[in-house]
Amino acid sequence: MAIEIISTGRAIPPRRVTNNDLAGMIDTNDEWIRSHTGIGARHLADSGMACSDLAAEAGRQALVSAIERGAVAESTVEALALTVDVIVLGTTTQDFCGCPSTACIVQDKLGAKNAAALDISAACSGFIYGLETAAGLLGVNARRKRALVIGSELLSHFIDWNDRGVCVLFGDGAGAVLVEKTAAPSEGEGRRGLLRSILAADGSGADSLIIRRGGSRNPWQAGEVVDTPPHLEMNGRAVYNFAVKAVTGTIEALLSDQRSEDRRSEDQSSEDQRSEDAGISIDDVVRIVPHQANARIVQAAAKRLGIPEEKFYLNIEEYANTSAASIPIALDELNRSGQIRRGDLIMTVGFGSGLTFGGNLIVW
Ligand code: UT7
């Protein structure tokens, strides 16, 4: 049994805001933003939009693509949507404050009436966590065959647009993959699909990247008047240092599969599988698709590990940081442009609020 990605999709709001546009609003400039982050522009949703609008459109694009590529027997989006068993949505910017889940709203928008639907709250690692979650949900039940894994963010509604240390970094967007449980092998010769994932967290860093208001810790009070709506606060330097370690550690762990979780739970069969899987060389990996938070984080990790920077796919210049959406947006771009092909070994790696981090190793 293999858990394979059979199609991809994305939804990007049309409104493109350049660094120079921001420089007309706050005390910043194109040179600072580019040199500190690699960002040149971001796409921002209009005020009437919500996270589920982008998520549903990215999911729909993945369904359309599966039909157009002949990857499924169904010939209409409506029919294909009915075959989706699970919708997993990674997001930090839900339509509502967790009730209901945004995935349920997406299920309704897509007409995916037979799908279980849940949100994953792992911030920028949401797609990485979501893919592994979907694989687990498909794996444990013979009747479940297909899952939509979506990362969608409408961060611009949770940004203090006067905080130049934060507002220049983020953008809106969504990406999605349609995942199918197939009869292909997941190990050995001809193996396909999701080979393994690293999911990790360091909750002691929860304060480093946080939206403080609106939850059960700091609920709104009746009659309260605030100057700033709930917004993302960030200790940029702390997140930066954490991120470089998280990216390098995850890449090494995915290559060697020596994570402690595996060591604790291994039995003979997993031992056998590990020795077969272990020792994947970085040269075998066609592309590393990192979370797009800051090009400097990727460059620092590449340098530490001695990996050529060109192996990392970066589109941060156009979209900025779209949190859980950044990896599936990048996967869709790579897939549609033919830069990744069937059989290629792909690695994702990311980190975010929580603090969370992790990665996936996938045969495309
Ligand atoms: O998905 C995860 C989300 N977050 C991240 O990945 C963020 C990780 N952190 C970073 O990427 C970097 O720490 C930042 C890009 C956020 C900041 O870069 P930095 O090199 O750590 O800059 P800094 O915060 O130390 O600020 C340096 C200077 C300060 O001025 P002074 O005090 O030296 O005079 C800031 O006020 O840059 C100033 N500054 C800006 N100047 C122009 C901060 N933001 C801006 C800005 N435009 N937008």
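These exercises work through two sheets and a ligand site.

The model is predicted: local features need pLDDT of at least 70, side-chain atom pairs count only at pLDDT 80 or more, and totals for chains, interfaces and linings use all residues. Residues are numbered from 1 along each chain as its sequence is written, and side-chain values use heavy atoms, leaving out hydrogens and water.

**Exercise 1.** Trace the five-strand sheet and find its edge strands.

*Solution.*
- Start with the elements: helices (H or I, at least four residues) and strands (E, at least two) are DSSP runs, numbered from the N terminus.
- Two strands pair if DSSP finds at least two bridges between them.
- The order is β1-β7-β6-β4-β5, an open sheet with mixed pairing.
- β1 (2-11) and β5 (116-120) are the edge strands, each pairing on one side only.
- From one strand to the next, the twist averages 20°. Angles run from 0 to 180 degrees between N-to-C directions, with axes fitted to C-alpha atoms (for helices, over the stretch in contact).
- Check one pair: β4 (residues 86-90) and β5 are parallel, over five bridges. Ile-87 has Ala-117 in β5 as its bridge partner.
- Now add the helices, with contact meaning heavy atoms within 4.5 Å. Helix α3 (residues 51-68) lies across β1, β4, β6 (146-154) and β7 (172-182), at about 120° to β1. Helix α13 (residues 326-336) crosses β1, β6 and β7, at about 95° to β1.

**Exercise 2.** Explain why β8 and β11 each have one side without a neighbour in the sheet.

*Solution.*
- The four strands form an open sheet in the order β8-β13-β12-β11, with mixed pairing.
- β8 (193-201) and β11 (285-290) stand at the edges with a single partner strand each, so one side of each has no neighbour in the sheet.
- Look inside: β12 (residues 345-352) and β13 (residues 356-363) run antiparallel, joined by eight bridges. Met-347 stands opposite Leu-361 in β13.
- Helix α8 (residues 236-256) lies across β8, β11, β12 and β13, at about 150° to β12.

**Exercise 3.** Describe the shell around the ligand.

*Solution.*
- Count residues with a heavy atom within 4 Å of the ligand. There are 22, and the closest are Thr-28, Arg-237, His-291, Asn-294 and Asn-321.
- Sort them by class: eleven nonpolar, eight polar and three charged.
- Find the main contributor: α8 gives the most, with four residues.
- List polar contacts, pairs of N or O atoms within 3.5 Å. Side-chain atoms reach ligand oxygen atoms at 2.9 Å from His-291, 2.7 Å from Asn-294 and 2.9 Å from Asn-321.

Note on methods:
Near = heavy atom within 4 Å. Polar contact = N/O pair within 3.5 Å; in protein donor to acceptor, adjacent residues only side chain to side chain. Nonpolar A, V, L, I, M, F, W, Y, C, P; charged D, E, K, R; others polar.
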